[in-house]
Number of protein chains: 2
Amino acid sequence: MRCVSCEGRYDGDDAGTCKQCHEDHKAKVAFLMTTHPSSFSDISLSASDDEEAAGPVPAHKAVLVSRSSVLRAMLENEMEESLSGIIKIRDVSYRTLRAFVNYLYTAEVCLDEQLACDLLVMAEIYQVQHLKNYCQKFLVSNLNLDNSLSTYTFAHQHNAKPIIDAALTLIIDNMDKLTAQEEYAELKEKDPQLVFEIYEAYLSKQVNKAAAQKGSSASYPSEYAEEC
Amino acid sequence: MRCVSCEGRYDGDDAGTCKQCHEDHKAKVAFLMTTHPSSFSDISLSASDDEEAAGPVPAHKAVLVSRSSVLRAMLENEMEESLSGIIKIRDVSYRTLRAFVNYLYTAEVCLDEQLACDLLVMAEIYQVQHLKNYCQKFLVSNLNLDNSLSTYTFAHQHNAKPIIDAALTLIIDNMDKLTAQEEYAELKEKDPQLVFEIYEAYLSKQVNKAAAQKGSSASYPSEYAEEC
């Protein structure tokens, strides 16, 4: 069958939901999306570059605590943020903060590579796993030879296992091209451990390949070998 | 393919989403569900039988206005409810009100026939179409000979087209049994228009059936007719 969401073809174990149930699910998502800060806001979030931008982003404590365990702890324990009515978010641009808050209300965001990285960092800090997964998927689908080393490094810094795995596979499949890159030279200087990890994965692949080749030639049908 | 939600079998045009996209959708729904009145409540809803029960149901204006256009109008226009902080819900039990508010936060409710009817009425009054659809589906799936006339009458009172259609089909397929019921005698007294509608639908079915039989006998193969 053909998936109406991702348009891939699926059969047997990969087949999921019929059209009607899919429509029901979509309607449920639409129903549950909360119109973002329309009115009755009881908290604001302010970004580092607040003064240049449109001021703090209004929000509702009830929604924030429901989506993020970190924000829940901040707001329910009457810390400074809860009392002042403003949560100051450091080292985050207005654009990222706005997208982050909007995601908490709608589970939707239009990503580019920079925004995906920035939101993944925020999602990790505020423990919003759903957003972290979303950013990870985007970054995996945007992997290419040019960004593989930098994405790999970034993923390691933020404990993003799916990205690490995907980037490593791409890297060890293209070792010759990547070792010629400037990023490779920089990485050797900045984080030799990561380079060792790459070489170890590459080595392991080579060994497995050699073993597989040996295995397949060992199991070569003997009668056919004689014929040859 | 087999639907993992409703377990029906679907092919071609009815096939919907692959397993992965279905899992993604489920995660999105779980993410968007708001933990119901945990804290930071800024409004309450009180039921008719409030004194006997657990007091008013706490809620958040931001969620209510996002789910119901009627509640939005009440709360955004600073009507009495907004100023007093209490929305009085007339002719509704505490159990129904609690389920209604909970549905606004989670899009989930465990229905029985009575609760489905009560919530359908609330959903119509407060313009929560998603809940109305949910109750309609439940009531259609619970139709049987015993409740078909009463459900049909109820559906007419609340403009529930899918229930009207399903009940009418069941009724005209079992006219002989249903006209013997006490509810039928009562309906003739209380709402003759509905009884006319039933007879007109029954008549129309009979006419179509006769036309179809005539059509099929008219196209009877002539050579075979001669043989006979």
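The centres of domain 1 of chain A and domain 2 of chain A, taken over C-alpha atoms, lie 29 Å apart. This is a predicted model, in which local features need pLDDT of at least 70, side-chain atom pairs count only at pLDDT 80 or more, and totals for chains, interfaces and linings use all residues. Residues are numbered from 1 along each chain as its sequence is written, and side-chain values use heavy atoms, with hydrogens and water left out. In chain A, domain 1 covers 1-32, domain 2 covers 35-141 and domain 3 covers 143-228; these bounds come from an automatic or database domain assignment.

Two copies of a chain are related by a rotation about an axis and a shift along it. Here a turn of 180 degrees and a shift of 0.0 Å along the axis lay chain B on chain A with an RMSD of 0.1 Å (least-squares superposition on the C-alpha atoms of residues with pLDDT of at least 70 in both). The two copies are therefore related as by a two-fold rotation axis. B:Thr17 is the residue of chain B that comes closest to this axis, with its C-alpha at 2.4 Å. Because 100% of the interface residues of chain B are also interface residues in chain A, the copies meet through the same surface.

Within chain B, the axes of helix H6 (residues 113-125) and helix H7 (residues 129-141) come within 8 Å and cross at roughly 150 degrees (axes are lines fitted to C-alpha atoms over the stretch in contact, with angles from 0 to 180 degrees between N-to-C directions; helices are DSSP runs of H or I of at least four residues). This makes H6(B) roughly antiparallel to H7(B), the term for angles over 145 degrees.

Conventions: Chains lettered and ligands numbered in written order. Helix = DSSP H or I, 4+ residues; strand = E, 2+ residues; numbered from the N terminus. Parallel < 35°, antiparallel > 145°, perpendicular 65-115°, else oblique. Contact = heavy atoms within 4.5 Å.
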